[in-house]
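Work through the exercises below with the sequence and the model at hand. Each task is followed by its solution.

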Amino acid sequence: MLAKTYGSAVYGVNATNITIEIAVGQGMGFYLVGLPDSAVKESEHRVESSLKYFGYKMPRQKVVVNLAPADIRKEGSAYDLPIALCILQASEQTTFENKLEEYVIMGELSLDGQLRPIKGVLPIAIEARKRGYKGFILPVENAHEAAIVNNLDIIGVENLMDAIGFFEGSKKIEPLVSDTRDLFLHYQNAYDADFSHVQGQENIKRAMEIAAAGGHNVIMIGPPGAGKTMLAKRLPSILPPLTMQEALETTKIHSVAGKLGSRANLIATRPYRAPHHTISDAALVGGGSFPQPGEISLAHNGVLFLDELPEFKRSALEVMRQPLEDRKVSISRAKWAVEFPANFMLIASMNPCPCGYYNHPEKECVCGPGVVQRYLAKISGPLLDRIDLHVEVTPVSFDQMTANRPAESSADIRARVIRAREIQTKRFDDYDGIYSNAMMPSQMVKELCVISEPGRMLLKKAMERLGLSARAFDRILKVSRTIADLADSEEIRIEHLAEAIQYRSLDRENWAG
């Protein structure tokens with residue numbers, strides 16, 4: 001007899017429909033076809049043990065399991081549950097009242113028939129609704145994640161017997177309904193870190209506000225303990241709130257990577273990722289034999305913080321250059337290619353030298369001649385070219401640390417950032433794929449960042465006297481355009497240019513002596 005149901009395979013951040021067919025007939029043996037990997041092949045033993053645990057048996061006949069389309073590689077253990085249910089129907093050990101063909105079924109079985117959580121539930125649920133299935137049967141721990149998708153019955157089951165009871169009609173399981181929008185709005189501003197906790201560092205807070213308003217990348221240079229990490233952690237709290245579409249994109253990526261955890265729901269706050277400097281190239285940008293999203297994709301619509309930037313491997317930093325420009329990662333293999341979105345803000349920090357005290361107001365640098373230049377040379381020019389703001393961070397004085405003056409909250413700063421972003425939204429309304437000042441190409445900078453004659457003279461003198469490089473020119477204009485937006489100014493005034501010029505520390509020819 002033949003039984004059939006449906007599952008899904010996830011490639012990139014999207015799911016592909018998989019048909020699971022099982023035929024039980026004359027002969028002996030268990031045959032699994034359709035390009036399965038080792039984890040899928042091992043399902044025979046997990047399914048057999050689970051069936052026996054609940055009093056059923058594995059047919060002692062020829063069992064053929066076909067996963068179609070046969071030219072797509074199937075990976076993982078999530079096909080256990082649909083295979084077990086199809087075997088029961090095909091071997092006529094039970095009669096199902098609800099039809100297997102009307103549902104997408106996924107789940108990994110343990111040896112006692114309990115269901116373990118799986119990855120990629122959200123894109124699978126989206127694909128199931130798109131194809132018009134009645135519902136999605138899955139482990140109960142993944143049900144809240146799948147319930148983000150409406151117009152689809154989400155049936156969470158704890159074990160194989162619950163799934164059998166549901167299809168036989170002997171066990172009634174109500175579909176899980178989640179008020180996604182209310183939960184999203186409730187947690188939209190739920191950030192643990194706030195700028196009101198930071199005493200002093202007003203100039204750095206201002207730089208962070210400018211970066212958030214224009215979507216600019218930032219590098220902070222300063223001695224150990226100056227507050228670089230603390231300030232970076234608070235940046236997501238002043239970025240504009242996620243839209244529902246951005247939240248869905250972000251949640252899909254974390255779902256595919258298995259980072260949501262049990263009982264997870266829609267990600268409502270902007271992600272903050274801070275990988276260690278020992279990270280590999282593939283872990284940073286994504287990859288592997290079966291490509292998974294890397295840290296830059298997990299930071300999509302949020303912040304990627306690279307602490308101690310010169311300590312990262314040169315190769316790992318260089319592979320970020322293309323994603324910083326294109327806002328996506330393309331991973332190609334011989335037979336196929338996948339894309340992961342990677343629209344993130346890069347916030348980097350570094351010490352000014354190996355000992356950390358070059359240009360320190362109180363402590364003396366002990367690095368030898370040429371050491372500072374070699375240390376800075378670990379960061380390539382093309383990568384530095386993609387960072388708009390270079391900010392020097394100085395230690396906070398004792399008086400500032402012990403002052404009881406209330407600092408400005410993230411909510412107040414965020415309000416100004418949102419107003420500046422609204423101005424940019426209107427400005428770029430006719431341009432596809434450009435949403436912030438940082439994304440403007442060179443030609444657009446010339447059109448939209450027009451400066452007056454006094455401003456042009458100021459910029460010329462700054463480039464000559466400070467030894468600023470040519471690549472600093474566009475960056476200064478972009479940042480000055482953002483500063484003007486924060487000031488609600490139609491034109492870029494001379495004070496906006498002056499402030500933008502000071503954020504090009506590493507472009508000064510004599511910065512490191």
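The exercises go from the whole chain to one sheet.

This is a predicted model, in which local features need pLDDT of at least 70, side-chain atom pairs count only at pLDDT 80 or more, and totals for chains, interfaces and linings use all residues. Residues are numbered from 1 along each chain as its sequence is written, and side-chain values use heavy atoms, with hydrogens and water left out.

**Exercise 1.** State how many helices and strands the protein has, and what share of its residues is buried.

Solution. Count DSSP runs: helices are H or I runs of at least four residues, strands are E runs of at least two, both numbered from the N terminus. This gives 22 helices and 18 strands. Next, take as buried any residue under 20% relative accessible area (1.4 Å probe, protein chains only). Of the 513 residues, 54% are buried.

**Exercise 2.** Find the share of contacts made by residues 24 or more positions apart.

Solution. A contact means heavy atoms within 4.5 Å. Keep the contacts with a separation of 6 or more; residues 24 or more positions apart account for 74% of these.

**Exercise 3.** Give the strand order of the open five-stranded sheet, its edges, and the link between E10 and E17.

Solution. Two strands pair if DSSP finds at least two bridges between them. The order is E11-E14-E17-E10-E18, with parallel pairing. Strand E11 (272-273) and strand E18 (389-392) are the edges, each pairing on one side only. Inside the sheet, E10 (residues 218-221) runs parallel to E17 (residues 345-350), joined by four bridges. Ile219 has Ala348 in E17 as its bridge partner.

Technical notes:
Buried means under 20% relative accessible area, exposed over 50%, partly exposed in between (1.4 Å probe, protein chains only).
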